[in-house]
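Reader: I am in my first year and still learning to read structures slowly. Could you take me through one helix with care, and then through the other places that deserve a close look?

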Amino acid sequence: MKIDLHTHSDRSDGTDTPTELIENAKAAGLEVIAITDHDSTEGWKEADKAAKRVGITLVHGIEISTKLEGKSVHLLGYEFDPKDKPLLHELRKVIDGRNSRLPATLERLRGLGIDITAHDVRVRSTNAAATGRPHVADALIDLGVVKDRTEAFDRYLKPGRPAYVDRYAADLTTAIGLVKAAGGKAVLAHPWSRGSHRVLTRDRIGTLKEQGLDGLEVDHNDHGAEDRAALRQIARDLGLVRTGSSDYHGTGKIDFPLGGNTTEPEQYRRLLGL
Ligand SMILES: [Zn+2]
Ligand SMILES: [Zn+2]
């Protein structure tokens, strides 16, 4: 059984519609797929319909932008109540923060002599719940300033680069609590990517487990072999579920194909209590 628990549609920064995402997952030989758009559950409904039609199991998920000691940490939430008020309120704050960052980012780019309008960016985010940096990156590609999203982030958009603007993110512990209170499961996404191993130490992960954390995404393209081995051991020692996933974004992220990393059936069942 091939299981992929972390993918994006065009409801956030992926390029497939939820229907295309499900069809592509089926074509890639997956039997279980989670849709985990950033800070939004807007793709669930359409993905549900497509999953029923093609005969694939859909796991309802989300990837929440959080902060721990000032560092960006992504949290995957699964099978929670999408109508839960406190969680929705927090997600709204994150999405509003992302949307309100856009004018400031464009201002910075203008200061660098790159003239992009909000309209140029919005045509690249038509279906998305929020217009974010990946869509600014797409506009930079359209303008011929960069060749792909990676170059756009490396040169302009990531922390420390000249067009980076900080924005609101949920507190990690609060976000875990909200997902759990809404009846869901909480898993740290790519815990050791982008330098977050400095804040997500073994001790800290232990504390997060006490606060409700269910699992760690061990197998992810941002983790090398050594990190995967170390994270697998930490998960074992702490009794956390270990997941693996592609973090697929369609053509929005190269070398992250559907099913590129997968979750063992036993871990999947443990996570969702099946
Ligand atoms: Zn992420
Ligand atoms: Zn992701």
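Author: Let us begin with helix H8, residues 202–210, whose buried residues are Ile205, Gly206 and Leu208. Because these residues cover an arc of only 160° around the axis, they are placed on the same side of H8. A general rule helps here: an α-helix has 3.6 residues a turn, so residues three or four places apart point the same way. On the other side of H8, by contrast, Asp203 and Glu210 are exposed. As for what lies over the buried residues of H8, the cover includes helix H7 (172–181) and strand S6 (185–188), together with strand S7 (215–219) and helix H9 (225–238). After H8 comes Gly212, which has a positive phi, near 120°. Please keep in mind throughout that this is a predicted model.

From the helix we can turn to the metal site. The zinc ion (ligand 1) has as its protein donors Glu63, through OE, His74, through ND1, and His190, through NE2, and these lie 2.0 to 2.2 Å from the ion. Along the chain, the donors of this zinc ion (ligand 1) follow the spacing E-x10-H-x115-H. Glu63 also bridges the zinc ion (ligand 1) and the zinc ion (ligand 2), and the two ions lie 3.6 Å apart. Since Glu63 belongs to strand S3 (residues 57–68) and His74 to strand S4 (residues 71–78), the pair ties together parts that are 11 residues apart in sequence. With a relative accessibility of 1%, Glu63 counts as buried, and His74, at 10% relative accessibility, counts as buried too; the cut-off behind both statements is that buried means under 20% relative accessible area.

Glu63 also leads us to a further residue, Asp37, because Glu63 is among the residues that Asp37 touches when those up to four places away in sequence are not counted, the others being Thr7, His8, Ser9, Arg11, Ser12, Gly61 and Ile62. The place of Asp37 is a loop, the one between strand S2 (32–35) and helix H2 (44–54). Asp37 is buried and yet has no salt bridge, for the nearest side chain of opposite charge, that of Arg11, is 6.6 Å away, whereas a salt bridge would need the charged atoms to be within 4 Å. What the side chain of Asp37 does have is a polar contact of 2.7 Å with the side chain of Ser9, and another, of 2.6 Å, with the side chain of Ser12.

Key
Residues numbered from 1 in each chain as written. Chains lettered and ligands numbered in written order. Predicted model: local features only at pLDDT ≥ 70, side-chain atom pairs only at ≥ 80, totals over all residues. Heavy atoms only, no water. Helix = DSSP H or I, 4+ residues; strand = E, 2+ residues; numbered from the N terminus. Buried < 20%, exposed > 50% of the residue type's maximum accessible area, 1.4 Å probe, protein only. Lys, Arg positive; Asp, Glu negative; His and termini not counted. Polar contact = N/O pair within 3.5 Å; in protein donor to acceptor, adjacent residues only side chain to side chain. Contact = heavy atoms within 4.5 Å. Donors = N, O, S within 2.8 Å, 3.2 Å for Na, K, Ca; no water. Arc of directions from axis to C-beta.
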